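Me: I'm new to this one, so could you take me through a single part in close detail? I'd like to hear about the surroundings of the ligand, and then how that part fits into the rest.

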Amino acid sequence: MNAPRILLVYGGHAGGRTEALRHALVEGLHEAGEALELRERRALDAGIDDLLWAQGLLLATPEHFGYMSGALKDFFDRTYYPAEGRTEGLPYGLCVSAGNDGTGTVNAVQRIATGYRWTAIAEPLIAVGAPDADALQRCRELGATLAAGLAAGVF
Ligand SMILES: Cc1cc2nc3c(=O)[nH]c(=O)nc-3n(C[C@H](O)[C@H](O)[C@H](O)COP(=O)(O)O)c2cc1C
């Protein structure tokens, strides 16, 4: 079987908290040592070609004003219609970095993912404040779940 193709789309500023979560997601992807192809894309640089390429998707975003980062919203705005009917069932995981909440982002992304007809691989993950060991471990587990599920043909 070919190595599963995984797209990681992320927002947040360089050197920030979302970046730390993203690195943990990637560690998790590689944890089991399964072969995989990974594209990591800043949300503003990610496009429909990346999305159609992907067999699994990870989203990492800070919460801004009770919502996802504008960059991730822009990714959805640009890909929603071009992807229509072409990414149904895509397994995805969501990771949110928030100052004190994160639920607005989770609700909005879930609603949008339902529109694309994607399948959540796990409960969305919210890391409040600076990511601690527990938050990073949960990110690693999310990444590992996606990689293992794709390798096993579960998703
Ligand atoms: C413009 C702006 C708006 C924010 N709005 C919220 C918010 O509505 N809810 C919240 O919990 N945190 C909010 N925060 C805090 C960020 O979500 C939090 O600091 C996050 O960890 C930043 O991730 P980053 O370091 O990857 O940019 C906001 C931060 C900024 C810069």
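Reply: Let's start with what counts as being around the ligand: a residue is near a molecule if its C-beta atom, placed from the backbone, lies within 6 Å of it. Keep in mind that this is a predicted model. There are 17 residues around the ligand, and Gly-12, Gly-16, Thr-18, Pro-62 and Gly-99 come nearest. Sorted by class, that shell has 10 polar, 4 charged and 3 nonpolar residues. As for where the shell comes from, H1, E3 and E5 each supply at least two of its residues.

Those elements turn up again in the core. The largest nonpolar core has 39 residues, and the ones touching the most other members are Val-9, Leu-25, Leu-59 and Cys-95. Helix H1 (17-31), strand E3 (56-64) and strand E5 (91-98) are among the elements that each supply at least two residues of this core. The largest share, though, comes from H5, with 6 residues. If you click on Val-9, you'll find that beyond its sequence neighbours up to four places away, Val-9 touches Arg-41, Ala-43, Ala-46, Leu-59, Leu-72 and Phe-75.

Now zoom out to the chain. It has 5 helices and 7 strands, running β-α-β-α-β-β-α-β-α-β-β-α from the N terminus on. Of the contacts with a separation of 6 or more, 84% link residues 24 or more positions apart. Buried residues make up 41% of the 155 in the chain. The C-alpha trace spans about 40 × 35 × 25 Å along its principal axes. The radius of gyration is 14 Å, which agrees with the value near 15 Å for a compact globule of 155 residues.

Technical notes. Residues numbered from 1 in each chain as written. Predicted model: local features only at pLDDT ≥ 70, side-chain atom pairs only at ≥ 80, totals over all residues. Core = buried A, V, L, I, M, F, W, Y, C linked by C-beta atoms within 7 Å. Buried ≥ 20, exposed ≤ 12 C-beta atoms within 10 Å, placed from the backbone. Helix = DSSP H or I, 4+ residues; strand = E, 2+ residues; numbered from the N terminus. Contact = placed C-beta atoms within 7 Å. Nonpolar A, V, L, I, M, F, W, Y, C, P; charged D, E, K, R; others polar. Rg over C-alpha atoms; globule rule 2.2 N^0.38 Å.
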